[in-house]
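Please look through the structure below before reading on. The paragraphs that follow take it one part at a time.

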Amino acid sequence: MISVSHISKIYKTGDVETVALDDISFEIKKGEFVAIMGPSGSGKSTLMHILGALDRPTSGTYILDGENVENLSDDELAEIRNRKIGFVFQAFNLLPRTSAVKNVILPMAYGGIEKERRNEVAEKYLKMVGLGDRMNHTPSQLSGGQMQRVAIARSLVMDPAIILADEPTGNIASNQAAEIMAIFQKLNDDGRTVIMITHEPDIAEHAKRIIHILDGKINSDSNGHKQRVVKSKAISK
Ligand SMILES: Nc1ncnc2c1ncn2[C@@H]1O[C@H](COP(=O)(O)OP(=O)(O)OP(=O)(O)O)[C@@H](O)[C@H]1O
Ligand SMILES: [Mg+2]
């Protein structure tokens, strides 16, 4: 589903060059639930932008669902993004003074879903995230956890195979974070690939695989080490 091969990303700001990603390679298969962890500035958001086709690597190859991103025009990338990927951000990125249902409808307006169906689809996903009784509330009338659930509903309306979330619980009280994680869990159980950046180890625990990055490099990848993890837990009891 996702194949990253020798990806580097160098930002140039005036005379300063920052190597945000340094020769990273990995694969993510359909249906995985992956957490990406690492300290501030280690390159997590940069990686997420590349995986989400919001930005291109300086070098290396990124293949998203069989398509080499390098060979696609910006318009083609935007199209793929809208069709295949649902984005969830730490700051929710909802339109203020706009109702939950209208926020959720927005991607469908770009995505070519007939006008008559949009309301019905938005309501279906708002109900799925437990906000059937908050359709007409604006973001300022919702709690942090509720705003993030609106953002998750919005990420789902084009039925994406991949959910990319950058610190989705970063601005949310811990009791509400558990609800958010239960929703991601369900989306993964339904077969969606979930890739989530987080600082918090207890949030990362929900994932089946954890990739740690440090200074733009992969420091560890739990893939293939599941048995060892289970064993060490048993010993600590
Ligand atoms: N647009 C940009 N222009 C220049 N440098 C950038 C840009 N975006 C990120 N950087 C730099 O690249 C490095 C990686 O940044 P990135 O945002 O990917 O880190 P992060 O792991 O997401 O950190 P955080 O946990 O604080 O969100 C940092 O040194 C950062 O200053
Ligand atoms: Mg970041």
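A salt bridge is a side-chain nitrogen of Lys or Arg within 4 Å of a carboxyl oxygen of Asp or Glu. The model shown here is predicted, and by this rule it has 12 salt bridges. One of them joins Lys-12 and Glu-17, whose closest N and O atoms are 3.6 Å apart. To describe such residues further, one more rule is useful: a residue counts as buried under 20% relative accessible area, as exposed over 50%, and as partly exposed in between. Lys-12 has a relative accessibility of 60%, so it counts as exposed. Glu-17, with a relative accessible area of 49%, is partly exposed.

A second salt bridge is formed by the side chains of Asp-55 and Lys-9, at 3.2 Å from N to O. These two residues belong to distant parts of the chain, 46 residues apart: Lys-9 is in strand E1 (residues 2–13), and Asp-55 is in the loop between H1 and E4. Lys-9 is buried because its relative accessible area is 9%. Asp-55 has 27% relative accessibility and therefore counts as partly exposed.

A third salt bridge pairs Asp-221 with Arg-209, and here the closest N and O atoms are 2.8 Å apart. Arg-209 lies in strand E9 (residues 209–214) and Asp-221 in strand E10 (residues 217–221), so this pair ties together parts that are 12 residues apart in sequence. Arg-209 is buried, with a relative accessible area of 2%, whereas Asp-221 is partly exposed at 22%. Glu-32 also enters the picture: salt bridges that share partners join Glu-32, Arg-209 and Asp-221 into one network.

What is the nearest side chain of opposite charge to Arg-118, which is buried yet has no salt bridge? It is that of Glu-116, 7.7 Å away. The limit for a salt bridge is 4 Å, so a pair at that distance does not count. Arg-118 is found in helix H4 (residues 115–128). A polar atom of the Arg-118 side chain lies 2.8 Å from the backbone oxygen of Ile-113.

Next comes helix H1 (residues 44–51), which is mostly covered, with six of its eight residues buried. The buried residues are Lys-44, Thr-46, Leu-47, Met-48, Ile-50 and Leu-51. Just after H1, Ala-53 takes a positive phi of about 55°.

Two further residues have a positive phi although neither is a glycine. Asp-65, with a phi of about 50°, sits in the loop between strand E4 (59–64) and strand E5 (67–68). Its relative accessible area is 37%, so Asp-65 is partly exposed. Asn-93 has a phi of about 55° and lies in the loop between E6 and H3. Asn-93 also counts as partly exposed, at 43% relative accessibility.

The last stop is the largest pocket, with a volume of about 410 Å³. It is lined by 18 residues, and the closest to its centre are Asn-82, Ile-85, Phe-87, Pro-107 and Arg-154. Helix H2 (74–84), strand E6 (85–89), helix H3 (100–110) and helix H5 (144–156) each give two or more residues to this lining. By class, the lining has 11 nonpolar, five polar and two charged residues.

How values were computed. Residues numbered from 1 in each chain as written. Chains lettered and ligands numbered in written order. Predicted model: local features only at pLDDT ≥ 70, side-chain atom pairs only at ≥ 80, totals over all residues. Heavy atoms only, no water. 1 Å grid on protein atoms, 1.4 Å probe; cavity = no way out; pocket = protein on both sides within 12 Å on 5 of 7 lines; lining within 4 Å. Points joined across faces, edges and corners; volume = space filled by probe spheres on them. Helix = DSSP H or I, 4+ residues; strand = E, 2+ residues; numbered from the N terminus. Nonpolar A, V, L, I, M, F, W, Y, C, P; charged D, E, K, R; others polar. Buried < 20%, exposed > 50% of the residue type's maximum accessible area, 1.4 Å probe, protein only. Lys, Arg positive; Asp, Glu negative; His and termini not counted. Polar contact = N/O pair within 3.5 Å; in protein donor to acceptor, adjacent residues only side chain to side chain.
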